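Please work through the following exercises with the structure in view. Each task is followed by a solution in steps.

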2 protein chains.
Amino acid sequence: MAVCDDLFMSVPRHQAMGPGREFDTIRTLLDRWGELAVGIGDDAALLHAPQGRSVVASTDAFVEDTHFRQEWITPFETGVRATAAALSDLAAMGARADALLIAFVVPERWRSKLVDVADGIASVVTDAGARIAGGNISSGGAFSITTTVIGSASRVVPRSGACVGDTLLLTGTLGGPGKALHSWDDGREPSEWARERFARPVARLAAGEAFAEGGAHAMLDISDGLAADARHMAAASRVRLQIVASAVPRGPGVTIPEALTSGEEYELLVAVAPESAGKLMADIAAKYGVRCTRIGEVVATDENDMLAGRSGDVDVFGLTGAHPGVHPAVELVKGHDHFSL
Amino acid sequence: MAVCDDLFMSVPRHQAMGPGREFDTIRTLLDRWGELAVGIGDDAALLHAPQGRSVVASTDAFVEDTHFRQEWITPFETGVRATAAALSDLAAMGARADALLIAFVVPERWRSKLVDVADGIASVVTDAGARIAGGNISSGGAFSITTTVIGSASRVVPRSGACVGDTLLLTGTLGGPGKALHSWDDGREPSEWARERFARPVARLAAGEAFAEGGAHAMLDISDGLAADARHMAAASRVRLQIVASAVPRGPGVTIPEALTSGEEYELLVAVAPESAGKLMADIAAKYGVRCTRIGEVVATDENDMLAGRSGDVDVFGLTGAHPGVHPAVELVKGHDHFSL
């Protein structure tokens, strides 16, 4: 049945659909997506389980007036942002992206914009080398895109594998999305750089796969902000993370606390054996143009903390002086309004 | 890594999660779900690709004030309905259910009801023998549940395989959800039977698998109503379906046109070779207690229709006399407000 053997999906032909306005909408989307969408129209998508690879799946919602406002970003960018954010969860597992299922809730006022949204989705799916295998469209009061991503990995990297002594690496430069949200909240236009970082994030799929294949011990994306997600890695791995705040790469005008708390970041935090850090960083920079930075290390958690169920702390150094009054354990963990089960 | 070898998922242990109100909500859900939820907390769910089986996936949204109103059904029932509707798409492929990813959008007024919603989901997932492998929770103005289902089949049944001469079988008894919606629209309480059919549908997973293994040629669920979905099967298979309207099983007080147009039905329409129909019907009734009825047959489409791209017609017989004025091709296709890509 499979025509495209290197793809996750078979049944590349769409099913003929009956008449009706809603099916016209689907036909419009399919016209727009062309060969990017495969086998649409049956009750469920038929996927190809890849030989010898682990299959991973994740779902993520992007909701108008919760995650964004219509005035902030274009319809094209809502498609980019929703898709990139969902794919970032595959990147964080070390997986490549294979298939996407996209569920839209579409208020009447968004109907005419759906083609631009579809274009945004298409641009990200194309870059990821994935395909759209199905979805759902419902009417509703608030526009949302719930994207399910299905991928595969030769080696999966959980968030729970960080070992004492590991080096902590971070992709990219932080603070943009937080800056952008802050500006919009204040009624100001964000800087071009900050706006781009919110509206057109890039899932670190190639870097994530390279980290997985290079033997990384633990990995997650920092969509809830570096400080908050570092705590998740620490808790899951039953270790303590020591992050040198001043080492965290920051964008233009971004303070250290802003960099640590900026959410909607789709960068990867990775724990790797110290002896492999240098080569991995160099390889990923050379092959994929993705900058990685050493930002700290993994240390043992206090035994009393373990007994009290309080493993998972993150120590942030370098916050005194220039940024007094920010308590690493409390004030740095804030500001995200969505989360993953 | 897999502890439960007969399950689709590995990583049965949840990851420890950091502090925060949202994670408390997730912990509440996980407490409620117990062993039904596996490996929650990483960026993506790790699934187990079953040997020698096809993997299928589908996503479906259930949106407040689009698909239901809070006054109509209980929070428990929203969980039941959302999950059963999504699983029905697997049943329609002939697949068993393996893993679910559940994305909630939760307005503040729904927060306290989430435990009951979770219980409704759990009851359906338990009956299906599946597991909850991940999800997402977002705040938002309208409550919605977007359920992604991942399953597997030894033999997948598309909607496009109906052959000339096939017998058309239908599971269950139609008209309940349509009756219920009609009553609520008129400000009346529906009958107990009609209300149950809307609020607590059952996905025909066991029957769907039995049809697949028994060699069914084409299958779909009739969530858009029998008349509308029959057209999809006809269009996809490039045939004409002849349905004897009076043969369609109807619930109490349901007219023939109501039975044909009632949406939100999660019954299966199946095209099977005439010689295998009898045994399949008897087996499925005996093993799973699911009633199947012969409702028509598959005939060749007119060559002129094919040339004009008008294949996929459905002829409905038996509508004269008792139900005059209902034109099979136009008036029977109406009334669904959501649809699947």
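**Exercise 1. The rotation axis**

Task: Determine which residue of chain B comes closest to the rotation axis, and state how the two chains are related.

Solution. The model is a predicted one.
- Step 1: Among the residues of chain B, Ala49(B) comes closest to the rotation axis, its C-alpha lying at 3.0 Å.
- Step 2: Chain B is superposed on chain A by a rotation of 180° with 0.0 Å of shift along the axis, and the RMSD is 0.0 Å.
- Step 3: This is therefore the relation of a two-fold axis.
- Step 4: Both copies use the same surface, since 100% of the contact residues of chain B recur in chain A.

**Exercise 2. The sheet of chain A**

Task: Give the strand order of the open sheet in chain A, and explain why one side of S7 and of S11 has no neighbour in the sheet.

Solution.
- Step 1: The open sheet of chain A has six strands in the order S7-S9-S6-S10-S8-S11, and its pairing is mixed.
- Step 2: Strand S7 (218–221) and strand S11 (314–317) of chain A are at the edges with a single partner strand each, so one side of each lacks a neighbour in the sheet.
- Step 3: From one strand to the next, the twist averages 25°.
- Step 4: Within this sheet, strand S8 (residues 240–244) and strand S10 (residues 292–299) of chain A form four bridges in the antiparallel sense. Leu241(A) has Val298(A) in S10(A) as its bridge partner.
- Step 5: Helix H6 (residues 205–213) of chain A packs on the sheet, where it touches strand S6 (167–171), S7, strand S9 (268–272) and S10 of chain A. The direction of H6 makes about 10° with that of S9(A).
- Step 6: Helix H7 (residues 226–237) of chain A lies across S6, S7, S8, S9, S10 and S11 of chain A, and runs at about 145° to S7(A).

**Exercise 3. A strand pair in chain B**

Task: State in which sense S8 and S11 of chain B pair, parallel or antiparallel, and name the bridge partner of Val244(B).

Solution.
- Step 1: In chain B, six strands form an open sheet with mixed pairing, in the order S7-S9-S6-S10-S8-S11.
- Step 2: Strand S8 (residues 240–244) of chain B pairs with S11(B) in the parallel sense, over four bridges.
- Step 3: The bridge partner of Val244(B) is Phe317(B) in S11(B).

**Exercise 4. Two helices in contact**

Task: Describe how helices H2 and H5 of chain B cross, and classify the residues of their contact.

Solution. Two packed helices are described by the angle between their axes and the distance between the axes.
- Step 1: The axes of helix H2 (residues 75–91) and helix H5 (residues 192–199) of chain B come within 8 Å and cross at roughly 60°.
- Step 2: H2(B) is therefore oblique to H5(B).
- Step 3: From H2(B), Glu77(B), Val80(B) and Arg81(B) meet Arg195(B), Phe198(B) and Ala199(B) of H5(B).
- Step 4: The residues of this contact comprise three nonpolar, no polar and three charged.

**Exercise 5. A salt bridge**

Task: State how many salt bridges the whole structure holds, and explain why the one between Glu77(A) and Arg200(A) ties together separate parts of the sequence.

Solution.
- Step 1: Over all chains, a search finds 34 salt bridges.
- Step 2: In one salt bridge, the side chains of Glu77(A) and Arg200(A) meet at 3.0 Å, N to O.
- Step 3: Glu77(A) belongs to helix H2 (residues 75–91) of chain A and Arg200(A) to the loop between helix H5 (192–199) and H6 of chain A, so the pair ties together parts that are 123 residues apart in sequence.

Terms used. Residues are numbered from 1 along each chain as its sequence is written. Chains are lettered from A and ligands numbered from 1 in the order in which they are written. This is a predicted model: local features need pLDDT of at least 70, side-chain atom pairs count only at pLDDT 80 or more; totals for chains, interfaces and linings use all residues. Side-chain values use heavy atoms; hydrogens and water are left out. Axes are lines fitted to C-alpha atoms, for helices over the stretch in contact, and angles run from 0 to 180 degrees between N-to-C directions. Angles under 35 degrees count as roughly parallel, over 145 as roughly antiparallel, 65 to 115 as roughly perpendicular and the rest as oblique. Contact means heavy atoms within 4.5 Å. Ala, Val, Leu, Ile, Met, Phe, Trp, Tyr, Cys and Pro count as nonpolar, Asp, Glu, Lys and Arg as charged, and the others, Gly among them, as polar. Two strands pair if DSSP finds at least two bridges between them. Copies are superposed by least squares on the C-alpha atoms of residues with pLDDT of at least 70 in both. A salt bridge is a side-chain nitrogen of Lys or Arg within 4 Å of a carboxyl oxygen of Asp or Glu.
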